[in-house]
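Hi,

Here is the structure I promised to pass along. Have a look at it first, and then read on for what turned up in it.

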Amino acid sequence: MDDALMIYHGSRQIVRKPEFGTGNPHNDYGLGFYCTESLALAKEWACTEDQSGFSNAYRLQTADLRILNLSDPAYHLLNWLAILLQNRIFRISNPLAREGRDYLLSAFLPPYQNYDLIIGYRADDSYFSFANAFLNNTISLAQLEQAMYLGKLGEQVVLKSPQAFQQLTFLDAMPAEREIYYPKRIARDRNARAAFLEEKNGERASTAVYILDILREEWKDDDPRLPRNLSF
């Protein structure tokens, strides 16, 4: 990774000086400042149906930061999901889902709080629904992986520590017009769901691995059957 990143934060406001310790603690990777390396994605995330926003541009010096890159081959899909389970609010509808959540947290949760910066996929509405379906044993591990591959909903860069905030320099704020970017955001999510549904029926049930199988076989973090790269 280069010593500096150009990153963007989509917001309804211009954010010249982000503050450490503010925001929603129930975002994907917990409390932090959520950005992306994609200007277009930041503009999509900045808009609601009724309101335009801004893509705030920053330069982030990374040389002295501890970075957890979940797209690295050292990590796999269940590491990402365990962090999501730690922070997002999931619908636990049955005892199996509860047991699955507890097992994933105990077996696959990396020490993500030890890092200044996290790079990983954003759980937009479609991603979150796929993760929830896997936890409730209604889609397989391969289907969850394929859903992420097909969705291409983008990576986010999350500042997690005071040290990371100190390395951030505000550059500019570019308007994001809701008439242009909110439909793109909705289309991206809709296309992810449509692509997933098209592929879903192609998997052989006899070879599919579900959360129930992972529990019964007590998969571990180093299991060779786990997909080892989230970089799609």
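**The largest pocket**

The largest pocket holds about 740 Å³ of space. Please keep in mind throughout that this is a predicted model. A total of 28 residues line the largest pocket, and the closest to its centre are Gly-10, Asn-27, Tyr-34, Trp-45 and Arg-122. Three elements give two or more residues to that lining: strand 1, strand 2 (33-35) and helix 7 (178-200). Helix 7 gives the most, with four residues. If you are thinking about the chemistry of the lining, its residues divide into ten charged, nine polar and nine nonpolar.

Trp-45, one of the residues closest to the pocket centre, is also among the buried residues of helix 1. That helix covers residues 39-46 and is mostly covered, with six of its eight residues buried. The buried ones are Leu-41, Ala-42, Lys-43, Glu-44, Trp-45 and Ala-46, so you will find Lys-43 and Glu-44 on the list as well as the nonpolar side chains.

**The three-stranded sheet**

Next come the sheets. One of them is open and antiparallel, with three strands in the order 1-3-7. Strand 1 and strand 7 are at its edges, and each has a single partner strand, so one side of each is left without a neighbour in the sheet. On average, and ignoring direction, neighbouring strands here are turned by 25° against each other.

Strand 3 (residues 53-61) pairs with strand 1 (residues 4-11) through eight bridges, and the two run antiparallel. If you want to find the register on screen, Ile-7 has Tyr-58 of strand 3 as its bridge partner, and Leu-5 has Leu-60 of strand 3. Strand 3 also pairs with strand 7 (residues 168-176), again in the antiparallel sense and over eight bridges. Here Ala-57 is the residue to look for, as it stands opposite Asp-172 in strand 7.

**The four-stranded sheet**

There is also an open sheet of four strands, in the order 2-6-5-4 and with mixed pairing. Its edge strands are strand 2 and strand 4 (67-69), each of which pairs on one side only. From one strand to the next, the twist averages 20°.

Which strands does strand 6 pair with in this sheet? Strand 5 (residues 117-121) is joined to strand 6 (residues 155-159) by five bridges, and the two run antiparallel. Strand 2 is joined to strand 6 by three bridges, also antiparallel. Leu-159 of strand 6 is a handy place to see both pairings, with Leu-117 opposite it and Phe-33 opposite it too. A further pair to check is Ile-118, which stands opposite Val-158 in strand 6.

Is strand 6 enclosed or open to the outside? Four of its five residues are buried, so strand 6 is largely enclosed by the rest of the structure.

**The nonpolar core**

The largest nonpolar core is made up of 42 residues. Those with the most contacts inside it are Leu-78, Trp-80, Leu-81, Leu-104, Phe-108 and Phe-134. At least two residues of this core come from each of helix 2 (77-87), helix 3 (95-108), strand 5, helix 4 (125-135), helix 5 (141-151) and helix 8 (211-217). Helix 2 gives the most, with eight residues. Strand 5 thus appears in two places in this message: it supplies residues to the core, and it is paired with strand 6 in the four-stranded sheet.

**Two backbone angles to look at**

Finally, there are two residues you may want to pick out on a Ramachandran plot. Asn-137 has a positive phi of about 70° although it is not a glycine. Asn-137 is found in the loop between helix 4 and helix 5, and at 23% relative accessibility it counts as partly exposed, as the cut-off for buried is under 20%.

The other is Glu-218, in the segment after helix 8. Its phi is near 50°, which is again a positive value in a residue other than glycine.

Happy browsing, and do write back with any questions.

Best wishes

Definitions and conventions
Residues are numbered from 1 along each chain as its sequence is written. This is a predicted model: local features need pLDDT of at least 70, side-chain atom pairs count only at pLDDT 80 or more; totals for chains, interfaces and linings use all residues. Side-chain values use heavy atoms; hydrogens and water are left out. Buried means under 20% relative accessible area, exposed over 50%, partly exposed in between (1.4 Å probe, protein chains only). Two strands pair if DSSP finds at least two bridges between them. On a 1 Å grid over the protein atoms alone, a cavity is a set of points where a 1.4 Å probe fits but cannot get out, and a pocket is an open set with protein on both sides within 12 Å along at least five of seven lines; lining residues have an atom within 4 Å of a point. Grid points are joined across faces, edges and corners, and a volume is the space filled by probe spheres set on the points. Axes are lines fitted to C-alpha atoms, for helices over the stretch in contact, and angles run from 0 to 180 degrees between N-to-C directions. A nonpolar core is a set of buried Ala, Val, Leu, Ile, Met, Phe, Trp, Tyr and Cys residues joined through side-chain atoms within 4.5 Å.
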